[in-house]
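Please open the model in your viewer and keep the sequence panel beside it, since each stop on this tour begins with a selection. The stops go from whole chains to helix pairs and then to single residues.

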Amino acid sequence: MKTNETPLQPLKWFLNFIFIIVLITIGLNIIGILFIPFFPESKIVADLILVPNFKLELPIIGLFITAILLNIGFIFSLYVFKKIVSSLFKSPLFTEFQISSLKLLGQLIVLLVIIKSVFNIFSDMIFGKSEVVGIHIFSFDSKLMAICMGLFFIYLSYVFRKAKGLKEENDLTV
Amino acid sequence: MFRNNLKYYCLSIISYIFVIDKQQLMKSHISIQPPILLKTILDILYILLIISIISSLILFILSVIFVEKIPFSVKINEYEIEEFSTGIIFGISLEFIISGIFIYIIYILRKVVRSFFKQKLFTTLQISGLKLIGQLIIIARLAETVLTFVMKLILENKAAVGINIDSSFDSLWFTLALGLFFILLSKSFSYARKLQEENDLTV
């Protein structure tokens, strides 16, 4: 069976590097969130999750737990992403693993983006923030873009399934 | 101003995703349905982006021309601007160019997704489109990062160097990885195209 030989080997190292950096910083992020109750007036920590002041109340604790869960979900989806890329390098293309994990990744992205936007609405409500009207020039921070990416991944898993069928036919005829 | 609207769009989309996903699961394995939901969302995003970039371009030009008659300070991407020096105008126009690239990316993505509707997979359009999307994502994201750094230097006299990671899908590292993934995807698509051609030949 042919393996997929690409001149993109540095890409894989780059992705591993990114994964490690993100893991470290999100770990620090979670630790920072856990430390907020002990330093209620520290500004640096509060900037991490965009929460101006901390009080021991039920909705705020709920928000904190959701923030931690969102971080963990992000790490997990990044892990799935890394797995997919390394399997695209190593093993033959269009395996069942790639199909299922592409689908999982797409669903995770869509779900996490939706949870995050609900989270933002609630945190705006609780802390009484209102957005100032002004010019906002769009780029990659749009949530719809992320949802598109998620749906694209889900669709990609169907495309991969089709390609897998093709490949099996090919192997049979040879 | 569009951010609030986006939130409600996301909320209304949540119910659709799972319904359509189930429908697709029930179908047979080989024949795939056209991605109707994806196309709809891409269309919405495209139209919204075009409206927002045109309106903010008009607002920007108006506020540059009539800068002395405006009673309030203009806020552009988190920065409050009281006077327009040439540096600031230059930086903001560069930012407009970057969002133009972003709109172009969405445009290509729409084209690729629409080409899936024709039940023809692994065409050269899809392969080259995916590759172009990946390259553009990386270029635009890097340019945006450099520009943000320079703008901060100009506007706030602050040089900020550091690794900033948001726990969301718009963080710098994730988008870079996404761009690389698209390039890789175009490679695997071209591999699948080769397979398909062999298949057609033997039959």
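**Chain A, coloured by confidence**

Begin by selecting chain A and colouring it by pLDDT, bearing in mind that this is a predicted model. The chain averages a pLDDT of 75, and 72% of its residues score at least 70. Within chain A, confidence is highest in helix 4 (residues 96–127), where the mean is 84, and lowest in helix 2 (residues 43–48), where the mean is 55.

Next, switch chain A to a cartoon view, in which you should find five helices and zero strands, following the pattern α-α-α-α-α along the sequence. Of its 174 residues, 33% count as buried. If you consider the contacts in chain A between residues at least 6 apart in sequence, 76% of them join residues at least 24 apart.

**Chain B, coloured by confidence**

Now select chain B, whose mean pLDDT is 75, with 68% of its residues reaching 70 or more. Two stretches of this chain deserve a separate selection: over residues 1–12 the pLDDT is below 50, although this stretch has 21 contacts in the model beyond near neighbours in sequence. Over residues 22–30 of chain B the pLDDT is also below 50, and there the model has five contacts beyond near neighbours in sequence.

In the cartoon view, chain B shows five helices and two strands, and from the N terminus on its elements run α-α-β-β-α-α-α. Buried residues make up 28% of the 203 residues in chain B, and among its contacts between residues at least 6 apart in sequence, 74% join residues at least 24 apart.

**A helix pair inside chain B**

Select helix 2 and helix 3 (residues 86–116) of chain B, which pack with their axes 10 Å apart and at an angle of about 160 degrees. Because angles over 145 degrees count as roughly antiparallel, helix 2 and helix 3 of chain B are described as roughly antiparallel to each other. Their crossing is left-handed. To see the contact itself, show side chains on helix 2 of chain B for residues including Leu42(B), Leu49(B), Ile53(B) and Phe60(B), and on helix 3 of chain B for residues including Ile92(B), Phe96(B), Ile103(B) and Arg110(B). Taken as a whole, the residues of this contact divide into 18 nonpolar, one polar and three charged.

**A helix pair between the chains**

Before looking across the two chains, note that the predictor gives the complex an ipTM of 0.71 and a pTM of 0.74. Keep helix 2 (residues 36–65) of chain B on display and add helix 5 (residues 143–173) of chain A; the two pack at an angle of about 155 degrees, with their axes 10 Å apart. Helix 5 of chain A and helix 2 of chain B are therefore roughly antiparallel to each other, and their crossing is left-handed.

Which residues meet here, from helix 5 of chain A and helix 2 of chain B? On the side of chain A, select Leu144(A), Met145(A), Ile147(A), Cys148(A), Leu151(A), Phe152(A) and Tyr155(A), which meet Leu37(B), Leu38(B), Ile41(B), Leu42(B), Ile44(B) and Leu45(B) of chain B. The residues of this contact divide into 13 nonpolar, no polar and no charged. Leu42(B) belongs to this contact and also to the contact of helix 2 with helix 3 in chain B.

**Three single residues**

Return to helix 4 of chain A and select Val110(A), which is found there. Val110(A) is buried, because 24 other C-beta atoms lie within 10 Å. If you then pick Met149(A), 39 residues away along the chain, the C-alpha atoms of Val110(A) and Met149(A) are separated by 8.2 Å.

In chain B, go to Thr123(B), which lies in the loop between helix 3 and helix 4 (124–156). Thr123(B) is partly exposed, with 16 other C-beta atoms within 10 Å. From C-alpha to C-alpha, Thr123(B) is 9.8 Å from Ala192(B), and 69 residues separate the two in sequence.

Finish with Thr202(B), in helix 5 (residues 172–202) of chain B. Is Thr202(B) buried or exposed? With 11 other C-beta atoms within 10 Å, Thr202(B) is exposed. Thr202(B) and Gln126(B) are 24 Å apart, C-alpha to C-alpha, and 76 residues apart in sequence.

Definitions and conventions. Residues are numbered from 1 along each chain as its sequence is written. Chains are lettered from A and ligands numbered from 1 in the order in which they are written. This is a predicted model: local features need pLDDT of at least 70, side-chain atom pairs count only at pLDDT 80 or more; totals for chains, interfaces and linings use all residues. pLDDT is the predictor's confidence in each residue, from 0 to 100. Helices (H or I, at least four residues) and strands (E, at least two) are DSSP runs, numbered from the N terminus. A residue is buried if 20 or more other C-beta atoms lie within 10 Å of its own, exposed if 12 or fewer, and partly exposed in between; C-beta atoms are placed from the backbone. Two residues are in contact if their C-beta atoms, placed from the backbone, lie within 7 Å. Axes are lines fitted to C-alpha atoms, for helices over the stretch in contact, and angles run from 0 to 180 degrees between N-to-C directions. Angles under 35 degrees count as roughly parallel, over 145 as roughly antiparallel, 65 to 115 as roughly perpendicular and the rest as oblique. A crossing is left-handed if the near helix is turned anticlockwise from the far one by less than a right angle, and right-handed if clockwise. Ala, Val, Leu, Ile, Met, Phe, Trp, Tyr, Cys and Pro count as nonpolar, Asp, Glu, Lys and Arg as charged, and the others, Gly among them, as polar.
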